[in-house]
Amino acid sequence: MKHTVAVLVANKSGVLTRIASLFSRRGFNIDSLSVGTTEDPKVSRITIVVEGGDHVLEQVTKQLNKLIDVYKVSDITNDSSIDRDLALIKVKANSEDRSEIMQVVDIFRGKIVDVSSDSLVIEITGDEEKVNALEELLRSFGIIELVRTGKISMVRGG
Amino acid sequence: MEFTGAEIFVKSLLEEGIEKIFGHPGGAVIPIYDVLYETDIEHVLARHEQGAAHVADGYARSTGRPGVCLATSGPGATNLVTGLATAYMDSVPLVAFTGQVPTGMLGTDAFQEADITGATLPMTKHNYLVQHVEDLSRIIKEAFHIATTGRPGPVLIDIPKDVQMAKTTFEYPAKVELPGYGPTYSGHKLQIKKAAKAIKQAEKPVIYAGGGVVASGAAEELRKLARKAEIPVTTTLMGLGSFSETDDLALEMLGMHGTEYANYAVSETDLLIAVGARFDDRVTGDLETFAKRAKIVHIDIDPAEVSKRVAVDIPIVGDVKNVLQDLNQQVQEQKHSKWRQKIQDWKQKSVISKDKTTKVLTPKFIIEKIDEITDDNTLITTEVGQNQMWAAQYYKYNKPRSFISSGGLGTMGYGFPASLGVQSGNPEATVFCIAGDGSLQMNSQELATAVQHELPINVAILNNSYLGMVRQWQEIFNEKRYASTCLKRRKSCPPNCSGPDSDRNCPEMTPDFVKLAEAYGAVGIRVTKTSEVKSALEKAVASSKPVIIDFVIEREENVFPMVPSGGSLDNMLVGGND
C-alpha cells in the first residue's frame, strides 16, 4: 500500500540527498517526493509517498528519524488531510477537438494556460485521483507532454 | 584575538581532550599539520590512510574514547572510506577530518578533489563540509557529540584549505544545539515491567548480548541479570568479553561459527533477551527458524534496530546500561536447573570443547597457548576470516573491550592496524593480533608505523597460504574448486590442482613474513612445530619491539561448527574432527 510521510528537515544544502540516498540504499521505493520551504525559513518540508507494507513504513520512519538533519517524521496516511498534486498537461488540440477539451477542463476546474494552433497546455490541481481522471480523459486527444509535482499534503484542523 | 581555521582545529581537539590523532599529511592539510607540528597532540603517522582510520578505530574500541584520524583531500579522503564503513557497521565513535580543495574550486574537478561528504553519506552517522571558518568550532563540537552519544558512530568533517587558513575568533561552544538529534537513554517503565514478567514466566531463557553491552559499559549489569535470574548468556562476535567466558552460565558465541550449545539453546529457548545486538544474518541464519519458540525482548538504544529483521514482542529503547539497571531491580531471583542441565549435556557432547590431539600445528593449539601465557591485561585483535573465527572460539574473553575485530563489515586488513591503535591507547597492555597471511598483506605497510612509534604489538599469523575462509566455502560448497584462493599458485600450476602442497613442489611462500618484519626493523619468528609455540610466544611478549610470528599451520584446517549461510542454527556442520 501507499503511505504518505511528512518530514520536517533542516533547510540546508545536501539534506535532500541524505534522504534520497537513504531510500535508495535501503531499497525503499519512492512513489513521489515533493519538497519546499515552510513558514519557518530554517525548515523545509518533504512529502514522500512510499510504496510498501507496514514493516517498510516502520523502517522508513525510524531510519529517517536517525538522520541528524531530520526534525520530525509523521505518517499522515490515515489522517484526515488535504492532498494536492499539480499537473501541467500539453494536449493535442485541433480545431475539431478544442471546444470539447475546454469543456472537460472546465468540469475539472482546470485552467488553460497556453494556447497554440495545434495544442493546449492545461493546469490542474487536486488530489491524485482527480488529476489521474483528467489525464485519462485527455489521453484520447493525445497527450504531448505531462509533468506532475508529486503530492503535497496537509493535515486538517489545528 | 583571531585564529586560523587550522589553529581552531587544534584548539577544539584540545577542548575535547584529544591526545593522539592518526593520519597522513598531504597538500590540502598542510596548514593543519603546520599547527600540529608545535602542539602537545601526538600525531601517529600511518603509512596509508586506511591504516590511519583502522588505527583510530582500534584506539576507540579498546579505550571507549573517540578515535581521531586525519587525511588530505581526494585520494587521502577516499582511502579513509573503508575505515569509516568498518566503524559505522560496528558503531565505533570516530571523528575523521579531511582536507578539501579551496571553496572557490569546489566542484571544478580540481587537483585531488573528491566529494567525500557525498561518498561517505551512507557510511557515517553524520558528516559535514565546512564552508565558513566561523562554523568550524561548532561543527567539531557537534561531531564529537554525535560520534560518542546514542548509538556511537563515525562522523566526518571535510575542511577546505582556505577555511583552514581563514581567521576568526575562537570560542568553543559549551553545548550543542541539534534539534533533530536526541537519543533515548531511559527505557520505558512499562516495557521493562513487561520484560521482568516475561523473565519470571520463562522456563528456558537465553540472553543474547551484542556490542551494545560493550559500548554502553553494561557488562556488570549484564552479569547481575544473568546471575540473579540464572539465565545462560550467549554473545555475538562484537559482544565477546561482555560476559566472562569462564562463567558457568556462558554459552560463548552464537551464529554461523558459534558453539553448538549456544545455537541449540537459542533454537530451543522460550525467551530470548537481545541486549545491544542487532540480529545480524551471521547470527540468525534462517529467520524462519531462528528462536522460533521464543518470545523476544530487545533492548537497544537505536529504535531503527528494533524489529528491523526479527519481529520483537517486547521492545525497549534505551541505553543498555540504564535499562539493565532498571530491569535488575524488578527481576526476581530464579533458578533454571532443568534448563541448565540440558545445556550442560549439550556442552559435553560438543565438538568445539573436545581436545584434538595433533602432531601438526593447529590454530586451536596456538590460540589456546596464547590464552595460556597471557594474563587479564591482554587485548586481542583479529584480522578477518578463519583467523578471526578461531580467535573468537579458542581464546577465553573475560572482560569488555578485550576482543577487537571487524564484525559487521568484515574488513580484511583491519586487525593489524587496529592493534597499533589498541597498543597506543593501552601502553601497559599486551596486544596480540591474530591474523591470516592473506589479511595481513592488506595493510602490512603499517609495520613501519608500529616500529616508528615503538608499539610492541605481537602478531600471530596463522599461515596456511590460502585465503582460508573462502577456500573453506569452496571446499564445502564448490567441490574443492579453489579458484584464486591459493596464495602459492603460479602460472605453471596444473589447472585442476586443489590439494595441499606437500608433494607438489609449490613455490616458497611470498612474502617471507620473517624477512618482512626484519626489513621494517621488527622481529620475525617462524614456527612450524607445536614444540616451538610456547617459547616463540614468550619471546614475543618479552620483546619491546613489534614481533611477527609466522605460524605455518595445517593448510586445509576448517572452522567448525558451521551453519551454512542462511541455514538453521540447530543444523550445524561439525566437520570431520568429532
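Let's start with one pair of residues: Gly67(B) has Leu94(B) as its bridge partner in E5(B). That pair belongs to a parallel match between strand E4 (residues 67-71) and strand E5 (residues 94-100) of chain B, joined by five bridges. Strands here are DSSP runs of at least two residues, helices (H or I) are runs of at least four, and both are numbered from the N terminus. Two strands pair if DSSP finds at least two bridges between them.

Before going on, bear in mind that this is a predicted model, where local features need pLDDT of at least 70 and side-chain atom pairs count only at pLDDT 80 or more, while totals for chains, interfaces and linings use all residues. Residues are numbered from 1 along each chain as its sequence is written, chains are lettered from A and ligands numbered from 1 in the order written, and side-chain values use heavy atoms, leaving out hydrogens and water.

Now zoom out from that pair. E4 and E5 sit in an open sheet of six strands in chain B, with parallel pairing and the order E3-E2-E4-E5-E7-E6. At its edges are strand E3 (42-45) and strand E6 (126-129) of chain B, each pairing on one side only. From one strand to the next, the twist averages 20 degrees. Helix H3 (residues 49-63) of chain B packs on this sheet and touches strand E2 (20-23), E4 and E5 of chain B (contact means heavy atoms within 4.5 Å). The direction of H3 makes about 170 degrees with that of E4(B); axes are lines fitted to C-alpha atoms, for helices over the stretch in contact, and angles run from 0 to 180 degrees between N-to-C directions.

Chain B also has an open sheet of six strands ordered E11-E10-E9-E12-E13-E14, with parallel pairing. Its edge strands are E11 (250-253) and E14 (314-317) of chain B, each pairing on one side only. Three bridges join strand E10 (residues 233-235) of chain B to E11(B), and the two run parallel. Within that match, Thr234(B) has Glu252(B) as its bridge partner in E11(B).

Over in chain A, things run the other way: strand E2 (residues 29-37) and strand E3 (residues 43-51) of chain A are antiparallel, with eight bridges between them. A hairpin of five residues links E2(A) to E3(A), and Ser32(A) has Val49(A) as its bridge partner in E3(A).
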